[in-house]
Each structure stands twice: as C-alpha cells, then as structure tokens.
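Let's take a friendly walk through this model, starting with one chain and then turning to the partners it touches.

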Amino acid sequence: MKHIVIIGGGIAGMQCAVELSSLGISATVIEKEHATGGKLASWHRLFPSFTPAEDVLGELRLKFAKAANISLRCGVTATEITPRKVTLSTGDELECDAVVLATGFTLFDARIKEEYGYGIYDNVVTSADLEDMFNRGEIVLKNGNKPRRIALLHCVGSRDEKVCQRHCSKVCCVTGVKQAIELKEMFPTADVFNFYMDIRMFGPGYEEMYREAQVKHNVHFVRGRISEVSPTIDGRLQLKAEDTLTGRPLKMSVDMLVLLVGMRANEENAELAARYGLQCQESGFMKPQDNFMHNVESNVEGIFYAGTITSPKSVGETLNEATTVALRIKDWLQKQ
Amino acid sequence: MINFGFSINKPRVIDIDNNNLRKSNEIILEMPELQACIGCGSCTASCTAGNLTDFNFRKVHTLVRRGEYQGAYMELNKCMLCGKCRLVCPRGINTRGIVMLIKRKLGDF
Amino acid sequence: MTFFALFCIPFIVGATLMFLSVVLKYFSWLRQLPTSDMILIAKGIFTPRTLSAVWEIVCESLLHRRIFRRNVVLGYMHMSLAFGWFLLIVVGWLETLSYLGTEWVPLQGHVFFKYFVPLNGIEGHKPLFDNVMDALLLFVLSGVTLAWLKRVRSRLMGMRRTTKHIFFDRIALSALWFVFPLRLLAESITCAIYGGGGFLTGNIGTLLSQHIDADVLMALYEPMWWMYSSALGIFFVAMPFSRYMHIFTEIPLIFLRHYRLRPAAKTKSYDNFEIEACSRCGICIDPCQLQSQLGINDVQSVYFLRDRRYNMLQQKIANNCLMCGRCEAVCPVGINLNTLRQNSRTTMRNIPNEGRYNYLRGIDLSQGEGRVGYFAGCMTLLTPNTMSAMQRIFEAAGEKVWWADKEGSVCCGRPLKLSGESDSAQKMIDYNKSLFEKHNISTLVTSCPICLRVFREDYDLQGIEVLHHSEYILRLLQQGRLKVGYSAEQRYTYHDPCELGRGSGIYDQPRAVIEAVGILLEPKHNRRDSLCCGSSVANTAINDAQQLTIARSVADELEATGAETIVTACPLCKKAIARGTKHSVSDLSEIVAKNLK
C-alpha cells in the first residue's frame, strides 16, 4: 500500500487524508498542536450561510476518525522533509511515497498597524477575537457595557505595502459583512459601520449576503480606510477616515473597533523553499507549478500543496483543493 | 452653505475628450506609482492640512490625472509637506514627491 | 642673470592667469558677502581665532590630518601631494636664497632654478639642497603613484568607490600627474649633460649619460623643459575652473569659518568658498546609503557640489538626498553639505507667497494646562504607543502637561524647509511659536527629532527650554521623579535617528535611559557613524521599495546585535525599521513606561 505523509492537521490536511483513504492510499497526518482542526477550530460561523464551523469540522473529524489507514501524530513537527522520508521532532522517521504540505497561513498581527491601536486601547479587537467572543456567546466592552456603535475595518494587513503585504486576503471582505450581520443580530439597535476600500464578493451567495447586510440589517458602508484611532476622554475610540464618496474627512467615535486581519504567509515558507528547493511567491505563499493543470503540485517531484499554503482561500475552496490533491497523488503514483 | 463640490456655473462633467492630458501624462510618466492609488483616502484622513481646511490630496491628484488642472496648484499650496500621508499610504506612493511634482508641472498653468 | 628662456612662457602665462582668476573670484565673493558676515569677519580678524585658523590650515590643508585618521594610505597620498609640493616650493626658494642672496629672482627663476643655474662645480655648491630637493620630489612622486593607483584600485585606500570626474577635471588631473615625472626627467637630463644633482636626479642623470648618446640628450634637453613648463601651464590654467581650486580655497574658508561664518537657509556668497573648497576626493561616496544600498551613483555630495558650482544642478539630483549627514560627518574639508543642499533646494523651489497658510490664523487644538508642553509631532500621532507611553510617564512623574497636538496640529515647518520652501516654513514657525508663547510654558518636550531640531535652530523660543523626550526622561530619572525596574535579562539595541544624533548631538541621553532598564548592545554603525532608516523627510525622490531596501539593511544590522528589542527615539525611524524586521521595535518612551515602578 502506498503511503503519504501530510504535514498540517487543519481542514486541508484532514480532508486530504480522508480522500486518500477512500482511494486506497494510507496517510499519516502530522499536527504541531494537540488537536486537529487548525484555525477553523476557533471560528464561530462560516459565510455566507452562517453555518456553524463546528458542524463542518465535526463532520470532517468524524470522517477522519472512521476512515481506514489514517494515522495521526499530534504535538510533533517535521524537522526534515523529503518526498520519500519525513523526520519528526521526536526523531522518528516516516517512510512515504509522497508528501503533502498543508501548513496553512498565519493571521496578520494587528499590533504591527500601530495607528489602529490594537493592544494599546481597550475595545480594539481583531476579527479572530470577535469569533472567539461569538463562541463564548458574550460581546461586552471592557467596562462591561454593550456596544452601541461598532466599526469594522477591512484590509488590515492586506493590500498594504507598508506592512509588506501586497496581496488581497480574499476572505476578509466577506467575513466583515458576515460579522456585521452577526453583530446586528446580537445588538439590533447598535450602529454598525464597515470601512472598506473595495468590497470583493467573489463567491456564490456572497453578493446576496452583502445586499442583505445593507438592506435588511442596515449596516452602513463607508468607503475609506481608517487612518488613525485615538482614545476619547470618555474611554471610547475616535476614528479618522476619509469618506471618499463625498470627498470629505470623517471622524466618529465608536465603542468597539473590529480589525479584519488578513492572511499572511507562514514565516517558515521561506525556510521550506531554501531547504528543499521549493519556490515562494512574492507574497511569501508557496508557488505551485501553475495555476491550472498543476495547481497543487510543487516544483519538486513528490511534494504537493493543499489549502492556504499557496494563497488565501475560503473554507470551501480549501476542502475542494484537498480533494484534488488526493486525486492528483493517485494519478501521480500510478504513473511512477 | 454646504459645499457639494460643484457649483451651477461651471460645467460639472469631466470631459476627457476635450481635456488636455499632456501634463497629466508627463506627471504619470515621471511617477508611475501615482496610478497605483486605490482611492482609500488614508492620505486625506491623516492629512495635517486637511484637518484644518478643505484640502483633499486624493481629489486633487485624481482630478489632475483626469486633466482637470484648474486650481490644483493653489490647492496643493495648502499642503505642509509633513509626510504623514506617505507614512500611511497602503500603496507606497511617494505622496510628497507627487505634491512637488504636480506643483512643478502645473506651476505655470 | 635674466632668468628667462622661451620655454618659460607656458608657465608664466598659466601662473598669471591662475593668480588673476583666483584673486578675482575671492574678491567678488568677499565683496558680495552680506553685511552681517562682513561684521563677523571684522570682529574676528584681530583675535586669537586668526591664529587657530593658521594652525588648522597647517594641519588640514598641508598635513591632511582628518584623512589620515580615516585611512593612513589615503592620508599619506594627500599629504605627500600637498605638503610635498609646498615644501618643494619653500625649499626651492631657500635654495635660490642661499645661492643668490637677496637678489630678486622672478618666479620662473625659482621654479626652473636647475635650468638656469646648473650647480655642479660652481663655487660654494651645496649638495645638501640637491639631496633635500630630490627627497622632496621623490616624496611627491610617491603621492602621484598612489593617486594613480587609487584611480585603478580605490580599495587599496579604504575607498570602495572614487569620484567619476568630468572632462575639465581629467585634463587638470592628467596635467598634474605629468608635472612631477616631467620635472624629474628634465632635471635628470640636465644632470646627465652638466653633471651634479642629488641622489635621485644625479644618479638617473649618470645612468642616462651612460646609455644614451650625448647628441640625443642635447636634443631632448630643451623639449623636456618645455614639456615640464607646459604641464605646469596647463594645470594652472585649468586649476581655477577645476576641482584643484580647493588647493587655495580651503585657506580663506578656514579663516572665514573661524570667524563664525556659516551657510544659511538661503544661498549667499559665502557658500562659494565652501563649494569650491571641495576637492572631489570622493570620501563622501562610500557612506552614502543611496549608493551602497540602492546603487544610485550621481547624487552624492561630491556630485551635488560639482553640479551646483558649474550651474548645472538639476532638481532630481538636489532632491535625492536623505540629508542623513553621514557624508558631512566624514568630509575632510568639513563642508556643511546638508545646509548647502537645503539652500540649493530653496533657490530652486522657494516661492514667497504671502497668502499661503493664512488658514492657520486662530487655530488652537491644544488640550490641558501646565508649565510643561508636549508636542508629539505629526508622525508621533501615527505611533500611539509613544503617545500613551508619554502620558504614563507624565502621570508617574506627577507632571502637569499642556498637550499641544493631541487633536492634530500644525507641522513644525522643518519638512517644508528641507524641501526648499523656507519662506512658507516660516509661517508655520511663526504660528507654532505664538501658540507656545500663548500657553505660557517653560519647557517644551517633543518626541520627534525633526521637530526638535527646528525648534532649537529656527524658533528662537525665549524662556522656553526645548527638550527631546530622551533628555526629559533622563532628567526625570536623575531627579528621582521616575523609578524604573532594571532587568539584566532584557537586551536592547539602539538606532540613532539622524536628526537626533548627528543633527542635534544627542547620543548619550537615550543610551543612559536604556541602560537604566536593561542591557544595551551597540550595532556596528553607531553614534556619529549610525545609519539612516531611509524614510527621511528630506528625500522626496526615492520610492517606497527603495526606502524599504534601506530599512531592511538597517534592521539587519540591528538584529545582528542579538538584542530582543530594537529601540529608537524617532517615530519615523520606528515605522521604517519595523517594516524591515520581525523583531519588536519600540520607542524609548515605551520601554520606560513598560518598566515603571
């Protein structure tokens, strides 16, 4: 039986293992954390259908547990990767026929955009923090009050040369609209403002969700990037932006500011590239052979990519890609 | 009175067919990065002069790029060249250089 | 004796033209000096400053002490040429004096003495002079050899790059290179025919007479002296219009500088002395980060001064400078390169506009009340960590503070001044000054070194002490008004902001503050030699990617110290360096606020 080592136990790695198993190929998943699920494990609900992340992950975990010939190694990392052998941090050596890199992405550290005050002022949170709050079921300000006016800022750590992140992180626009709706559902009387540069609603049902946010939920959309955040005397946050559609500067005070943080390439990507002859893109994400017929193959024979290691992707896209990887591997193994 | 950015007397349309784009092209040729502007308004929002007046850098350079030079030089004279806009521009545009370039090109307009 | 031969004509014409043009130049520059500068000269001329100027001329113009400190070989090269030639003239003059007493001898008589008076066998021959003159000639020739080597391999003299010269300089340079070898040949041939000479010319002369027919030597004799004289003539004619004008100009410059003349925000006649005192040695090229990091090769101070001198300065050259002052710090002539660059920009761009910035009238966005004023500066408004750290420090010290610009402010005026709009900058200076006076503060603290510099240099704030926050924090610590915890576990490295370090001479205070909270590790380039972060407001020419390249190189050097935290004391440096590193970058105030007890 052919054996594949998958590095990364997020949804890409898990889905890939499940699909490989159904194709009669065994797989070992290496996960550095103590549980599978990756970033999705801490997410609340998914756009555009508001499906609980738990449902998706639950189903995937169940399939993963039931599938034959899958083994899981949690709490370990790979120290040496070749297409035929992976060495673990425990010193174990895993023989294999191919390797899948599914190490995902890093969330942008909002503290780098100092002018937004993350880590400086209370009540400046990131989209990930907000999901965490949704999970806990309570959204309160530091002083215990409920927010009455909330702003969401798009493109934090995306499309920003100043933090060396040129690329669009793709999912934050949709997440921003989704979170605005969720906030409105929680606090129907609160005012919610989305500050955006461009609204990129690229997928099925996204545009409809956007329209729903505008019309049904009365979410305000302001076209302009927030440039500075400062505290007010009463402990709120004062925002400065330009309302570019009217061409005038805008300032407003809010109770809470949500920063829609972008997806950043893992720092280890550069090292992966240097050590194993792989290629990185300008954005730092790994570079597949091409964007079409070989979009999950690396330039090294026997090393495949699954999920957000190559570019920002939504949950659905990631799952699709993981399936593709399994099929391509089978194809490739038969040709060997 | 509310300033809606136009008046009844002047024709409002930006007439690209009849505007003379020569200077605009010269400016863009010298600093092509200006075309990278996505109009996010960070420059205007952080602008020291814009905080005190109706100066709007984004609007001025966009109009200049469309061949609307009237008044641009005088508007840009409100800029203090403090450089905050350059520090916040997500597209890495050399905004101070642009201010100086447009003034140099349009100085005799 | 008449002391004249036809071959002297090129020399006489050249020397005359040279002295005439030099005198004319100096005369017109001095005449055009503004009255205030004239008064300074009058006040200084009969004081010990004149003596100290003479001493500096000996040390610098002749011995080239500053270049020696930089690189011994390079120093020797400059010294052998300058001091050697000077001694050749002096000793040559003494030689004539010793033979002919006080008889008047025309200039060419001194220069071509060996031609007019073949010394061998004459009564009272003094071989000592022959040998000393030969030794000096050898000394100069060694310098010429090194100069030639420097053209081929500048690294031998500790320079990665040397100046690319224009056509006129090349002519003068070639003529200069030929002067001394030709002198050696002319004198040696003379010795070959008439005998005599010192250890160098004498021995070469003997060698020549042994191997070459007397007829041939006789045929070469006059032409050699012609060539020597012509090389001198060509050099002299080219000199006032080439870089060699520095040979003379450095002397009046040193005097004027000792009388406290300085270049100012607007160009004036004095600038000519500084500009033409540049020898285009090219020492300013290597420290320039635009050169070393970005490969920009035509904007460095040497080229800027050259272009300005020949009236061919372009805006794109004048604007493309970080004004970090690294070149100024190493300039062996001590030219005020930043001020000259700035006033060139003013000449090109300044538009006196009475109506400009009239909107400033009556604006006051300040908050709070106190004898201590805090002016964060435009850039600091984008680094709120610094703002909140300063707030905590003020609270901990129990200081009542007037916040000048929490809600936004009017720029200090320095960016405008640096870009050449000095008259407009004055409007901002006037506005802020009256704001400070209106609120009756006694101390003004700022977190921005750019603001600090203009407050100190151009504001003339009577009764208000201007402090950078590093100085202010250190004072609080020393007075015991602020207590911080020290941890030997915490290692910091410090980046000197250009405007704070080289610009305002503040090196020790921030270091003392850091050492109060942890261990300080110095990067390779520090203090006067520190690097620029690349985001300087003085440069409006380089693009974002180029700024980032410089920032990365600076960050690499800071990371190499092994410190966990990079500390700086300028919001612009902080933003720039943070782009180039994954390490945490903090303002000085942040690490103090974090360790408050």
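What follows looks at chain B and then at the contacts made with it by chains C and A.

Please keep in mind that this is a predicted model.

**Chain B itself**

Chain B has six helices and zero strands. Following the sequence from start to end, you will read the pattern α-α-α-α-α-α. Chain B has 109 residues, and 46% of them count as buried. How do the contacts in chain B spread along the sequence? Taking contacts between residues at least 6 apart in sequence, 69% join residues at least 24 apart.

**The two partners**

On one side of the story, 21 residues of chain C are in contact with 18 residues of chain B. Chain A also meets chain B, with 15 residues of chain A in contact with 17 residues of chain B. Two elements give two or more residues to the side of chain A that touches chain B: strand 15 (226–231) and strand 16 (237–243) of chain A. Which element gives the largest share of that side of chain A? Strand 16 of chain A does, with three residues.

Here is how the residues of the two touching sides divide by type.

| Side touching chain B | Nonpolar | Polar | Charged |
|---|---|---|---|
| Chain C | 12 residues | six residues | three residues |
| Chain A | three residues | four residues | eight residues |

In words, the side of chain C that touches chain B holds 12 nonpolar residues and three charged ones, whereas the side of chain A that touches chain B holds three nonpolar residues and eight charged ones.

Methods
Residues are numbered from 1 along each chain as its sequence is written. Chains are lettered from A and ligands numbered from 1 in the order in which they are written. This is a predicted model: local features need pLDDT of at least 70, side-chain atom pairs count only at pLDDT 80 or more; totals for chains, interfaces and linings use all residues. Two residues are in contact if their C-beta atoms, placed from the backbone, lie within 7 Å. Ala, Val, Leu, Ile, Met, Phe, Trp, Tyr, Cys and Pro count as nonpolar, Asp, Glu, Lys and Arg as charged, and the others, Gly among them, as polar. Helices (H or I, at least four residues) and strands (E, at least two) are DSSP runs, numbered from the N terminus. A residue is buried if 20 or more other C-beta atoms lie within 10 Å of its own, exposed if 12 or fewer, and partly exposed in between; C-beta atoms are placed from the backbone.
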